[in-house]
Amino acid sequence: MIGACNVVVKQQAKGRVYTDVSEIPYRKVGLVLGTTPIVNGYQNRYYNYRMDAAAELYFANKVSYLLLSGDNHVRHYNEPESMRKSLIERGVPDSVIYLDCAGFRTFDSMVRAKKVFAQDSVTVVSQQWHNERAVFIAGHYDLDAIAFCAKDYTAGRKIYVKNHLREALAKVKVVLDLMVNKQPHFLGDIEPIPSQQPCRCP
């Protein structure tokens, strides 16, 4: 089952995942998927590479706005706000940044981009293995998603194998979630992008 689900997800994402910023088509909104900036007291390279890719996409004029979607389930843990600060440090204007603080997992981020932030198309930003799953989810919600791949982190074989095994299982879970019509934790009022004021976490 693991192999079959992974093949299905990869096949549906084929041709929609890009590694060269010069080749990726324009989309109004780049959807940056969240992760923690710090792991076990050390900088998370997946996070840093993801922020680099989001900034590269913006400065190449391949997106006009960035929607940062991540976890903010407790007061002192705020992935979208961390991403916002990191992108501003990289020169991205705060005025083009929007935050989705209920992107508790990839499934929520993709569905909310369509149903809450009123997007019909997006460019997802994450590592390739993550992007494939995101694009697969989008296809089931009539969200025209392509993806731009951040650099992967291959140093440290144990961590690399652990993360990719977890992703293989995550692809199985998302197939099952779609089969049972699972819904995001939260939806809420529609907040289209762009709007007069960028969305911020409470």
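Angles under 35 degrees count as roughly parallel, over 145 as roughly antiparallel, 65 to 115 as roughly perpendicular, and the rest as oblique. Keep that handy for the first stop. What you have open is a predicted model, so local features need pLDDT of at least 70 and side-chain atom pairs count only at pLDDT 80 or more, while totals for chains, interfaces and linings use all residues. Numbering starts from 1 along each chain as its sequence is written, and side-chain values use heavy atoms, with hydrogens and water left out.

**Stop one: two helices**

Select residues 106-115 and 128-139, which are helices H4 and H5. (Helices here are DSSP runs of H or I, at least four residues, and strands are runs of E, at least two, numbered from the N terminus.) How are H4 and H5 placed relative to each other? They pack at an angle of about 45 degrees, with their axes 9 Å apart; the axes are lines fitted to C-alpha atoms over the stretch in contact, and angles run from 0 to 180 degrees between N-to-C directions. H4 and H5 are therefore oblique to each other. Their crossing is right-handed, the near helix being turned clockwise from the far one by less than a right angle.

**Stop two: salt bridges**

Stay on H4 and pick Arg 112, then add Asp 100 in strand E6, 12 residues away. They form a salt bridge, with the closest N and O atoms 2.8 Å apart; the term means a side-chain nitrogen of Lys or Arg within 4 Å of a carboxyl oxygen of Asp or Glu. Are Asp 100 and Arg 112 buried or exposed? Both are buried (under 20% relative accessible area; exposed is over 50%, partly exposed in between, with a 1.4 Å probe and protein chains only).

Next, show Asp 52 and Arg 90, a salt bridge with its closest N and O atoms 2.8 Å apart. Asp 52 lies in helix H2 and Arg 90 in the loop between helix H3 and strand E6, so the pair ties together parts 38 residues apart in sequence. Asp 52 is partly exposed at 38%, and Arg 90 is partly exposed at 28%.

Now try Lys 114 and Asp 120, whose side chains meet at 3.1 Å, N to O. Lys 114 is partly exposed at 23%, whereas Asp 120 is exposed at 54%. Then select Arg 16, Arg 27 and Asp 144, which salt bridges with shared partners join into one network. The whole structure holds nine salt bridges.

**Last stop: the surface**

Finish with Met 179 in helix H6, which is exposed at 65%. Add Met 1, Leu 176 and Val 180, and you have a nonpolar surface patch with about 470 Å² of accessible area together.

Terms used
Patch = residues over 30% accessible without salt bridge, like charges linked within 9 Å, V, L, I, M, F, W, Y side chains within 5 Å. Areas by Shrake-Rupley, 256 points an atom, 1.4 Å probe, with all protein chains shown as cover.
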